[in-house]
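Biologist: I have a model open and would like to talk it through with you. Could you show it first?

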Amino acid sequence: MQPATPIPGTQDLLFEAARRLRRCEAALCERFEAAGYAEVIPPAIEAADVFGPEAFRALDRSGKLIALRADFTAQVARIAATRLAGMSPLRLYYRGSIVRRVPPDSGPIHERLQAGCELVGAAGPEADAEVLSLAATALHALGVKGRISLGSTGYFSALAAAAGASPRLAAALNDAVDRKDLPTLRTLCEREVVPGKAREAILMLAQPPRLQTEARELLARAEALAPSEDALQALRRISAALAAAKSPGAELEVDLGEVRGLGYYTGIVFNLYATGSPRPVGGGGRYDTLLGRFGDPRPAVGFSLDLDALVPLAC
Amino acid sequence: MLTIALPKGRLQKPTLERLARAGMIPDEEPGASRKLIVPAGPSARFVVLKDADVPLYVERGAADLGVCGLDQVLESGADLLTPIDFGFGRCRLCLAAPRGKSVSAELGRSLRVATKFPRLTSQWFLRRGVPVDLVHLAGSVELAAVSGLTDAIVDLVESGRTLDENGLAVVEELLQVSARLVVNRAAYRLKVEELLPLLEKLG
């Protein structure tokens, strides 16, 4: 018999590694509770349609498709939209592991430990700012020096719509923006987008990020180019969140090219970076249409932390 | 401190020239000794790698940035920023077959294709809905089609002479390749003060 080891993409945590994880979780829970958030513990398996195709799926005894938890936010949205329907605002937090099918050669492991917060039923920029500030507080609580990069998928969608981009072109533009690939972005724009404000604004998405203190000029330039009311509103939401957010322990910056997030994000989106980790250590955003999928359309915003990445950095 | 992944081989010289113009000069000629890490002044250093390994070093943060061909960026599947196209190291990734031989659906079976680029090749055929039987080789890919191991090959073509001399011809182009600057996603945010001036000079 082969010696038994954990499945690639999973791991055992022993002794000091386990102690460290629990200490970090405790520090985070304390901050989340202090901010008025209450813990929810969703089940490890759900009906498969709660998650996307990234979930591990199986058939239950009656032949119904079920899935291992691939995303806490979708579960919290399900809970908020059903058992807690109509109760606003809701401040909920969670911790535990998610499992995703990802190509094993591309780094991120299958099972990830997470903790995160969701603010449900609050639509305004002050809710965006609350969640941004709480994410920064969380990094600070772990003793991690970090940077929060703020953008908006809503802004990108508005630009793509104003440019009349087909879904295929929008996906190609999104990919080029996400990679800061200015040569490809230029080629795509020259070939497939008519000259005008929308094209100029799309090309601006590959601009380097600006720190909170210097972001006003970047946002003002983008506002001057805004090709539609939707685009202008998305930019004003970034400005308003930025103005209201306090970020002790983490620097806040604006990157209009920060378009990466989960498929259900509709407004601001942000990623967390920390010295010592080669990939983001967390992220979040506004998802105003997700609860509607479970029958209780309400706005929401939240973030999650990647504890596998953060715990080794925490002091 | 910035760590720069420098590719060995044909990209090394033009890469060093472009970096030198941006003020990034190694303290000694990389490759002159057996040293794998070469400092470049007080605030940067080069790690010297095979170009196929550059994307993973940068993705996993052992290097903050690096230079390699677009073929290697895409074949690695690494999650990277690719802000600059240097324009040198140009070649094409092509599907090639023995001259006059059919590589279409007329075969009535899966097309057998040999390549050093299994990810790019399978993605390209998948998008076209063509079933392939991939043979992943380490080198001398042309030989696979010439010797009858496979129906066709997917490989880099520079002048086309090697193909020509072996009775092969390009059927279709999969990708235009040139050298790219690749940057780690977190380094781009966390070392922005060091990186941006360099990127501006390189761009």
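Biologist: Happy to see it! How many helices and strands make up the secondary structure of chain B?

Modeller: Bear in mind that this is a predicted model. Chain B has eight helices and 11 strands. Its C-alpha atoms fill a box of roughly 60 × 35 × 25 Å along the principal axes.

Biologist: What makes a residue of chain B count as buried?

Modeller: A residue is buried if 20 or more other C-beta atoms lie within 10 Å of its own. In chain B, 42% of the 203 residues count as buried.

Biologist: Now to chain A. How do you know that the span of α9(A) is close to the expected one?

Modeller: The helix covers residues 229-244, 16 residues in all. The expected span is 1.5 Å times one less than the number of residues, and this comes to 22 Å for α9(A), with 22 Å found from first C-alpha to last.

Biologist: Which residues of α9(A) are buried, and why are they said to line one face?

Modeller: Ala231(A), Ala234(A), Leu235(A), Ile238(A), Ala241(A) and Leu242(A) are the buried ones. Seen down the helix axis, the buried residues fall within an arc of 125°, so they line one face. On the other side of α9(A), Glu229(A) and Ala243(A) are exposed.

Biologist: What makes two residues of chains A and B a contact?

Modeller: Their C-beta atoms must lie within 7 Å. By that rule, 16 residues of chain B touch 19 of chain A. On the chain B side, β5 (81-85), α7 (185-190) and α8 (192-202) each supply at least two residues. That side divides into six nonpolar, four polar and six charged residues.

How values were computed:
Residues numbered from 1 in each chain as written. Chains lettered and ligands numbered in written order. Predicted model: local features only at pLDDT ≥ 70, side-chain atom pairs only at ≥ 80, totals over all residues. Helix = DSSP H or I, 4+ residues; strand = E, 2+ residues; numbered from the N terminus. Buried ≥ 20, exposed ≤ 12 C-beta atoms within 10 Å, placed from the backbone. Arc of directions from axis to C-beta. Nonpolar A, V, L, I, M, F, W, Y, C, P; charged D, E, K, R; others polar.
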